Amino acid sequence: MSIAERTTQTVWDGSLASGAGKLSNGSSGALDGLDVTWAARTERPDGKTSPEELAAAAHSSCFAMALALKLDENKTPPQQLAVESTVTLDEVDGLPTITTSRLKVRARVAGLGADAFAAVVDDAAALCPVSRLFAGAQISVDAQLA
């Protein structure tokens, strides 16, 4: 039995260059009505989203949850975690490919030194399901205590 399943639908109208899509029927409704376009993906967002931005949101939120769990297990719960993900779309062998997700973590954690924090971050990286989904991509984590 799965832990969770979530569904979102994209309805796309028109060609790639001039068309647009809209997210709907999301399990939570939180993404309903978000517009996606090729221009938002490769040029300027102009208030629209892209698969890379959605992937970055998934990765940053997943990693924050994994790190919070691992810090709790270490008996050093975080006061605050700020996790930023930058997902890169590059051309590889002539095909658009998501190649990297760079995570930037800034954490306020009482009673935890830099070496111990780095070990917990490594544990979180191994735990995060979105990191494992991106296993073929290059993932880097720049994590610092505040």
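Partly exposed here means a relative accessible area between the buried range, under 20%, and the exposed range, over 50%. With that in hand, the predicted model can be walked through from its two domains to its salt bridges and a couple of unusual backbone angles.

The chain splits into domain 1 (1-49) and domain 2 (51-145). Their C-alpha centres sit 23 Å apart. Five residues from domain 1 and five residues from domain 2 make up the contact. Putting domain 1 and domain 2 together buries about 500 Å², with 61% of that area on carbon and sulfur atoms. As for polar links, two residue pairs are in polar contact between domain 1 and domain 2, both at pLDDT 80 or more. On the domain 1 side, the residues touching domain 2 come out as two nonpolar, one polar and two charged.

One salt bridge turns up across the interface of domain 1 and domain 2. Side chains of opposite charge can pair when their charged atoms come close. Arg41 and Glu52 form a salt bridge, with 2.7 Å between the closest N and O atoms. Since domain 1 covers 1-49 and domain 2 covers 51-145, Arg41 falls in the former and Glu52 in the latter. How exposed are the two partners? Arg41 has a relative accessibility of 31%, so it counts as partly exposed. Glu52, on the other hand, counts as buried because its relative accessibility is just 7%.

Taken as a whole, the structure holds five salt bridges. The Arg41 and Glu52 pair links distant parts of the chain, 11 residues apart, with Arg41 in helix α1 and Glu52 in helix α2 (residues 51-73). Another of the bridges joins the side chains of Asp142 and Arg106, at 3.1 Å from N to O. Asp142 belongs to strand β6 (residues 138-145) and Arg106 to strand β5 (residues 95-108), so this pair ties together parts that are 36 residues apart in sequence. Asp142 has a relative accessible area of 36% and is therefore partly exposed. Arg106 is partly exposed too, at 27%.

A further salt bridge brings together the side chains of Asp46 and Arg44, again with an N to O distance of 3.1 Å. Asp46 and Arg44 are both exposed. Asp46 is worth a second look for its backbone: its phi is positive, about 45°, although Asp46 is not a glycine. Most residues other than glycine have a negative phi. As for location, Asp46 is found in the loop between α1 and α2.

Where else does a positive phi of about 65° show up in a residue that is not a glycine? That residue is Lys75. Lys75 lies in the loop between α2 and β4 (80-92). With a relative accessible area of 71%, Lys75 is over the 50% cut-off and so counts as exposed.

Finally, there is a loop residue with a rather different setting. Thr37 is placed in the loop between β3 (35-36) and α1 (38-42). Is Thr37 buried or exposed? Its relative accessibility is 13%, which is under 20%, so Thr37 counts as buried. Leaving aside residues up to four places away in sequence, Thr37 touches Trp12, Gly19, Ala20, Lys48 and Thr49.

How values were computed:
Residues numbered from 1 in each chain as written. Predicted model: local features only at pLDDT ≥ 70, side-chain atom pairs only at ≥ 80, totals over all residues. Heavy atoms only, no water. Helix = DSSP H or I, 4+ residues; strand = E, 2+ residues; numbered from the N terminus. Buried < 20%, exposed > 50% of the residue type's maximum accessible area, 1.4 Å probe, protein only. Contact = heavy atoms within 4.5 Å. Domains from an automatic or database assignment. Buried area = accessible area lost by both parts, 1.4 Å probe. Salt bridge = Lys/Arg side-chain N within 4 Å of Asp/Glu carboxyl O. Polar contact = N/O pair within 3.5 Å; in protein donor to acceptor, adjacent residues only side chain to side chain. Nonpolar A, V, L, I, M, F, W, Y, C, P; charged D, E, K, R; others polar.
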